[in-house]
Each structure stands twice: as C-alpha cells, then as structure tokens.
Amino acid sequence: MADKRQRARIQGSWAGPSPALKKVQGPVPTSKEGKVQTRPRPGPNPSAVSSTNQVPKTAGFSGQSDCLQGTLTFTDTGIVRRIPEPKQIERDGSYVISTEPNGEARITLTRNFLLPEEADYVFAVLRDEIPWTQKRNTIQGQEFDEPRLTCWYGEHPYAYSRVRWEANTEWHETLLYVKSRIEETTGFTFNSCLLNFYRSGKDHVSWHSDDEPALGSKPTIASVSLGDSRIFEMRKKPPPEENGDYTYMEKLRIPLTHGSLLMMEGASQDDWQHQVPREYHDREARINLTFRTIHPS
C-alpha cells in the first residue's frame, strides 16, 4: 500500500497568485461612459480601417480562478514536487512573467490592436501578395521542410538553425503600415520582419527562443497575429540542476486572436522558450508577423 501511495499522482492547487507572475497595474484610458478611448488612424484601406486601442497598462488572468493548479508527484528520493498546470493569459495587459539574474521577462498582450475590418484587409493582402516559400531546416542532423511558409524583410541578413535569409529591403507597403502602427503605439523601432504562414492546424513551430546573436542582448519582439486563432505557449528554461528537464517549469498559454499584438521584452528570450504547437482539429489559415531589430556584425 505504501508503494502505491509513493507512485500516486495527487491533484492539488495553490490558492495564491504565482510569485513569479506579477501584474503591472495602471489605468486604462476611458471615456465618461466607461468605454476604452480610441483614436482614428489612417490605414491601407480607408473604407475598412477603424480605430485601435493603445497598449493597456492593466493585467489579469482568465479561467475559473486565478489559482495555479498542478499535479504532485513523488520522486525516488521521496520529495514531493508539483507539476504546474499552464497559466492562461487572455486579458489585455503587461505581465512580468519572471525575474531572474538576467532581469525581468515581460510580455504585453493587446488583442484588438488591429480591429476586425482592418485585420481582415491586412490578412487578405499579405496572404495573396507575399512571395511565400517553404524553407529546409535541420535539427539533430535530420533535414526537413519547415511545417509552415515563411518570408523575410529587413535591412540585414538573418539566420536561425540552418535557415538563412538575405537582406530584403523591398518591403510590402501593407507590412510597412503595420510596422509603423506598432512603432507609433509602443515606442519601439524595428528594421526587419519574419512572416510565418500557418496553412492549417498541422502547420506549427517547435520550442525555441529568439536569441540569435544578430538580435542583440534582451531583444524586443513584436508579434502580430492575423487569421484563425492559435495557442501560443511559453515555458521557463530549467536551471542547470534540472539537466534540461522542463517537467516542473512554469508554463503559459496565450490564445492569439485575429488582429492581436504580443510584445516580448527584457529577458523573455534568455529565460523562456515559446512555440505554436500542432493542433489536431480543424484550423483555418493564420499569418504571424514578428518584427525584430537586427544588429549587423
């Protein structure tokens, strides 16, 4: 009986908010009627473009409660450890997701950065007019076709894994429009963009960090999602004593909806990985625009 208890997996929860996942509080601009204030901006399709919200300063979590649920496991040494359930983030706001020696890792979610009519227009134009290609990649000596289509625009070359892009300064005007909107709203500037086209739920990108040397220290990544919603997952990198085991590390799930903007800042690439996993039910096409700043060597 004692042996059975030793092997048991016990469901449990913690009633307090995660100490490593702090909220950044602040006011959201509102009108007298209590609605979030907006202001009009020009767009590539004047008849379709509406106004958009500024990046908000409040943060919150979704779900039945703000509890962190997980599974307790017994190790060979008799130590009880919790396998945390992923924390889901669905509300607009800025979140400090960890604070480590590398510094704060911060993400900011703005779901209606592009309003529906505007996002519809941008999605259709980029889907039909971008020269999409399917790159060959190599992981652990195995070469394969990337499970998505991609394109690159930027002042400098860029490389990740075994994939290399040459400089491409012939920016599509609609892409420049989205870039200018992000820069105006966030105050960051970018000189490149990697585009990903997920044709269905089978297309995906595996766990990785955007930490190539060309991106410099503490890069800021601005990610705009268009088309069908997909889940964006993050997991904290394990300390050396875990020997690369992610089992007990913190995890996040962020549904990225049509027209949303996700900013990753600070140590988010040093201390976290992210992926868009394969999905096993029907998903329509999705385009992801990741704006970056490349520092030439």
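**A first walk through the model**

Hello everyone, let me start with Asn243, which counts as exposed because its relative accessibility is 71%. By that I mean a 1.4 Å probe and protein chains only, with buried under 20% relative accessible area, exposed over 50%, and partly exposed in between. Before going on, this is a predicted model, in which local features need pLDDT of at least 70 and side-chain atom pairs count only at pLDDT 80 or more, while totals for chains, interfaces and linings use all residues. Residues are numbered from 1 along each chain as its sequence is written, and side-chain values use heavy atoms, with hydrogens and water left out.

Back to Asn243. Although this residue is not a glycine, its phi is positive, about 55°. Most residues other than glycine have a negative phi. Asn243 sits in the loop between strand 16 (230–236) and strand 17 (251–256). Helices (H or I, at least four residues) and strands (E, at least two) are DSSP runs here, numbered from the N terminus.

Lys218 is another non-glycine residue with a positive phi, near 55°. You will find Lys218 in the loop between strand 14 and strand 15. Is Lys218 exposed or partly exposed? Lys218 counts as partly exposed, because its relative accessibility is 32%.

Now the whole chain. It holds four helices and 20 strands, and 47% of its 297 residues count as buried. Take contacts (heavy atoms within 4.5 Å). Among those between residues at least 6 apart in sequence, 74% join residues at least 24 apart.

What about the inside? A nonpolar core is a set of buried Ala, Val, Leu, Ile, Met, Phe, Trp, Tyr and Cys residues joined through side-chain atoms within 4.5 Å. The largest one has 29 residues, and Leu175, Ile182 and Leu195 are among those with the most contacts inside it. At least two residues of this core come from each of several elements, including helix 2 (116–129), helix 3 (173–186) and strand 13 (192–198). Apart from this core lies another, of 19 residues, with Ile107, Val205, Ile254 and Met264 among them.

Let's look at Leu195 more closely. Leaving aside neighbours within four places in sequence, its contacts include Ile130, Trp132, Tyr153, Leu175 and Leu289.

Next, the two helices just named. Helix 2 has 14 residues and its end C-alpha atoms are 20 Å apart, which agrees with the 20 Å expected at 1.5 Å a residue. That expected span is 1.5 Å times one less than the number of residues. Its buried residues include Ala119, Val122, Phe123 and Leu126, and what covers the buried residues of helix 2 includes helix 3, strand 15 and strand 20.

Helix 3 also has 14 residues, reaching 20 Å from its first C-alpha to its last. Among its buried residues are Leu175, Val178, Lys179, Arg181 and Ile182. The partners that the buried residues of helix 3 pack against include helix 2, strand 10 and strand 13. Right after helix 3 comes Gly187, with a positive phi near 85°.

Last stop, the lining of the largest pocket. Which residues are the closest to its centre? Of the 32 that line it, they are Arg148, Tyr160, Val205, Ser206 and His208. A pocket is an open set of points on a 1 Å grid over the protein atoms alone, where a 1.4 Å probe fits, with protein on both sides within 12 Å along at least five of seven lines; lining residues have an atom within 4 Å of a point.
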